[in-house]
Amino acid sequence: MLHALYDWVMRLAQHPRARFWLGTVSFAESSVFPIPPDAMLVPMALARPDQAWRLATICTITSVLGGVLGYVIGYYLFEAVAMPVLSAYGHADALARFEDWFQRWGAAVILVKGLTPIPFKIVTIAAGAAKMDFLIFILTAVVTRGARFFLLAWLIRRFGPSVREFIEKRLTLVTTGAAALIVLGFLALRYV
């Protein structure tokens, strides 16, 4: 099922209205959809490197807007909508951990988790369920999602098609390393 969905998203990247679909997938991924927009962003940016920044902007804006929907789901509709969505993706137990992390670390959770391969919908729903300050949520979502999508755009513009295999196999390592640096920075600020 997930593989068929991924293939469908890849076909959307070739659609004449691909930018619209990129925004739609990016929006939906931040609240309910299982496939990240990277699956469309990479082939679209490779096909048109001159459009890479614009595509990263579309992903960032629509991902944050979709994140607002996820936040609202977590804040107002936790039992009715959030738990069934998270359970369907096998992440119901992760929510309790995220809520605890939000209480302890606040904005750092979004900054770190928005870069890693952990589905962003879990972060947005958990932020709403934990009643995180909405302005901080928005600001950190813009930073972390923008960093992720603009990193992809930069890699594609800088290295072209040869970077595709690197992105597919090692982007998780790069973004996890960036997340680790953010955590170290927060720890340094906290204990200095």
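A polar contact is a pair of N or O atoms within 3.5 Å. The exercises below apply this cut-off and others to a predicted model.

**Exercise 1. Determine which backbone oxygens the side chain of Ser 30 reaches, and state whether Ser 30 is buried or exposed.**

Solution.
1. Locate the residue: Ser 30 belongs to the loop that joins α2 and α3.
2. Examine its polar contacts. The side chain comes to 2.9 Å from the backbone oxygen of Ser 63, and to 3.4 Å from that of Ser 26. Each distance satisfies the limit of 3.5 Å, so each pair qualifies as a polar contact.
3. Assign the burial class. Buried means under 20% relative accessible area; Ser 30 has 0% and is therefore buried.
4. List the surroundings. Leaving aside residues up to four places away in sequence, Ser 30 touches Ser 63, Gly 66, Gly 67, Gly 70, Phe 120, Lys 121 and Thr 124.

**Exercise 2. Describe helix α9 from the residue that caps its N-terminal end to the residue that follows it.**

Solution.
1. Begin at the N-terminal end. Asp 133 is the cap, with a side-chain oxygen 3.2 Å from the backbone nitrogen of Leu 135.
2. Consider the helix itself. Residues 134-159 make up α9, 26 residues in total. From first to last C-alpha the helix spans 37 Å, close to the 38 Å expected at 1.5 Å a residue.
3. Finish with the residue after the helix: Gly 160 has a positive phi, near 65°.

**Exercise 3. State how many salt bridges the structure holds, and work out where each pair lies and whether its residues are buried or partly exposed.**

Solution.
1. The structure holds three salt bridges.
2. Take Glu 29 and Arg 145, whose closest N and O atoms are 3.1 Å apart. This pair links distant parts of the chain, since Glu 29 lies in helix α2 (residues 18-29) and Arg 145 in helix α9, 116 residues apart.
3. Compare the accessibilities with the limit of 20%. Glu 29, at 4%, is therefore buried, and Arg 145, at 3%, is buried as well.
4. Take Asp 38 and Arg 148, which form a salt bridge at 2.9 Å, N to O. Here helix α3 (residues 38-47) supplies Asp 38 and helix α9 supplies Arg 148, the two being 110 residues apart. Both residues are buried.
5. Take Arg 48 and Asp 50, whose side chains meet at 2.8 Å, N to O. Relative accessibility is 43% for Arg 48, which counts as partly exposed; Asp 50, at 48%, also counts as partly exposed.

**Exercise 4. Identify which residues form the nonpolar patch on the surface and which helix contributes the largest share.**

Solution.
1. The patch consists of Phe 27, Ile 61, Leu 65 and Leu 69, with about 340 Å² of accessible area together.
2. Helix α4 (residues 52-76) provides the largest share, three residues. One of the residues in this helix is Leu 65.
3. Test Leu 65 against the patch requirement of over 30% relative accessible area. Its value is 48%, so Leu 65 passes, and it is classed as partly exposed.
4. Recall a general rule: an α-helix has 3.6 residues a turn, so residues three or four places apart point the same way.

**Exercise 5. Summarise the chain as a whole: how many helices and strands does it have, and what share of its residues is buried?**

Solution.
1. The chain has 10 helices and zero strands.
2. Of its 192 residues, 46% are buried.
3. Among contacts with a separation of 6 or more, 75% join residues 24 or more positions apart.
4. The exposed area is about 9800 Å², of which carbon and sulfur atoms supply 67%.

Definitions and conventions. Residues are numbered from 1 along each chain as its sequence is written. This is a predicted model: local features need pLDDT of at least 70, side-chain atom pairs count only at pLDDT 80 or more; totals for chains, interfaces and linings use all residues. Side-chain values use heavy atoms; hydrogens and water are left out. Helices (H or I, at least four residues) and strands (E, at least two) are DSSP runs, numbered from the N terminus. The expected span of a helix is 1.5 Å times one less than its number of residues. A polar contact is a pair of N or O atoms within 3.5 Å; within protein, one must be able to donate a hydrogen and the other to accept it, and residues adjacent in sequence count only if both atoms are side-chain atoms. Patches are made of residues with over 30% relative accessible area and no salt bridge: like charges are joined within 9 Å, nonpolar side chains (Val, Leu, Ile, Met, Phe, Trp, Tyr) within 5 Å. Accessible areas come from the Shrake-Rupley method with a 1.4 Å probe; for residues, only the protein chains shown count as cover. A salt bridge is a side-chain nitrogen of Lys or Arg within 4 Å of a carboxyl oxygen of Asp or Glu. Buried means under 20% relative accessible area, exposed over 50%, partly exposed in between (1.4 Å probe, protein chains only). Contact means heavy atoms within 4.5 Å.
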